[in-house]
Amino acid sequence: MQQQDSDSDHKQLELQTNSTKFHVLVGLTGSVAALKAPLLVTQLLEIPGVDVRVVTTDHATHFYDISEVPVCVYRDKDEWEIWTKRSDPVLHIELRRWADLLVIAPLDANTLGKIASGICDNLLTCVVRAWDTSRPLLFCPAMNTAMWNHPVTAQQVATLKGFGYVEIPCIAKKLVCGEEGTKYHVILGQFNPQTRKTTRGNSVKVAQFHGKTVDLATLIISIFGIVV
Ligand SMILES: Cc1cc2nc3c(=O)[nH]c(=O)nc-3n(C[C@H](O)[C@H](O)[C@H](O)COP(=O)(O)O)c2cc1C
């Protein structure tokens with residue numbers, strides 16, 4: 001377990017790639033659903049053979065306490081503090097090298113739009129822009145109904161699916177603002193662990209990378225289990 005540094009410290013990279021564990025990188029964006037981040041990470045760590053790191057947007061940090069996340073959380077300032085000269089590591093490249101799988105939960109409307117159009121103006125979107133598309137990327141949209149219903153959302157979600165990324169679709173639930181709305185995570189109603197398919201036809205497979213495997217179904221059920 002890594003502990004967070006104080007704001008004035010430079011973070012040490014904890015990204016050894018020679019581990020036999022399956023490396024799950026969790027991306028957090030500025031949806032109120034990010035308040036589940038400590039639970040989500042804790043739950044993922046309970047899956048045998050899984051190791052976890054987090055990359056967060058600055059807006060996401062308004063919704064959870066970084067000190068409650070039991071693994072290293074990387075943020076924008078780390079990218080710039082770690083690199084001071086040519087021989088230094090570039091954090092977003094080290095993170096994409098380390099990760100066997102990226103799960104962005106929650107994915108807010110802003111970062112959805114950025115990913116769909118290739119914008120990479122922070123650590124998380126740089127990781128995604130540099131992502132090796134042969135590795136799985138799961139995304140869990142989370143936004144107010146009004147945002148979700150705007151026609152651009154469907155276009156952008158379709159674009160991400162076109163890249164080969166797997167949507168963990170929304171469910172409707174009570175929002176913090178008091179409205180009924182969409183929040184991330186579907187699964188139990190729409191995901192059949194036997195067939196490993198959602199009702200939308202997404203296949204959910206065992207992910208394999210560098211000889212390491214993780215049962216994506218277990219992973220997704222884990223994600224879902226903490227948010228319903
Ligand atoms: C209290 C609060 C809750 C928010 N919840 C959401 C949300 O659930 N989904 C969303 O798309 N945006 C939400 N936003 C707006 C995003 O935080 C905003 O678009 C921000 O710029 C996202 O930045 P990021 O994508 O870099 O994290 C919320 C904003 C506030 C102030």
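This is a short tour of a predicted model, moving from the sheet to the ligand and then to a pair of helices.

Begin by colouring the strands, where you will find six of them forming an open sheet in the order 3-2-1-4-5-6, with parallel pairing. At the edges of this sheet, select strand 3 (73–74) and strand 6 (166–167), each of which pairs on one side only. As background for what you see there, strands of a sheet pair through backbone hydrogen bonds, either parallel or antiparallel.

Stay with strand 6 and add strand 5 (residues 137–141), which runs parallel to strand 6 and is joined to it by two bridges. If you then pick out Phe139, you will find that this residue stands opposite Glu167 in strand 6.

Next, select strand 4 (residues 101–107), the strand in which Pro106 is found. Show the backbone atoms here, since the peptide bond that joins Ala105 and Pro106 is cis, with omega at about 5°.

Now display the ligand together with its surroundings, a shell of 15 residues in which the closest are Gly30, Ser31, Thr57, Asp108 and Ala109. Coloured by kind, the residues of this shell divide into seven nonpolar, seven polar and one charged. Which helix gives the largest share of the shell around the ligand? Select helix 4 (residues 109–117), from which three residues of the shell come.

Keep helix 4 selected and add helix 7 (residues 151–162), then look at how the two are placed: their axes come within 9 Å and cross at roughly 55°. Because of that angle, helix 4 counts as oblique to helix 7. The crossing of helix 4 and helix 7 is left-handed.

To see what lies between these two helices, show side chains on both, where the contact is made on the helix 4 side by Ala109, Leu112, Gly113, Ile115 and Ala116, and on the helix 7 side by Thr153, Gln156, Thr159 and Leu160. The residues of this contact divide into five nonpolar and four polar, with no charged residue among them. As a last step, centre the view on Ala109, which is named both among the closest residues to the ligand and in the contact of helix 4 with helix 7.

Note on methods: Residues are numbered from 1 along each chain as its sequence is written. This is a predicted model: local features need pLDDT of at least 70, side-chain atom pairs count only at pLDDT 80 or more; totals for chains, interfaces and linings use all residues. A residue is near a molecule or strand if its C-beta atom, placed from the backbone, lies within 6 Å of it. Helices (H or I, at least four residues) and strands (E, at least two) are DSSP runs, numbered from the N terminus. Ala, Val, Leu, Ile, Met, Phe, Trp, Tyr, Cys and Pro count as nonpolar, Asp, Glu, Lys and Arg as charged, and the others, Gly among them, as polar. Axes are lines fitted to C-alpha atoms, for helices over the stretch in contact, and angles run from 0 to 180 degrees between N-to-C directions. Angles under 35 degrees count as roughly parallel, over 145 as roughly antiparallel, 65 to 115 as roughly perpendicular and the rest as oblique. A crossing is left-handed if the near helix is turned anticlockwise from the far one by less than a right angle, and right-handed if clockwise. Two residues are in contact if their C-beta atoms, placed from the backbone, lie within 7 Å. Two strands pair if DSSP finds at least two bridges between them.
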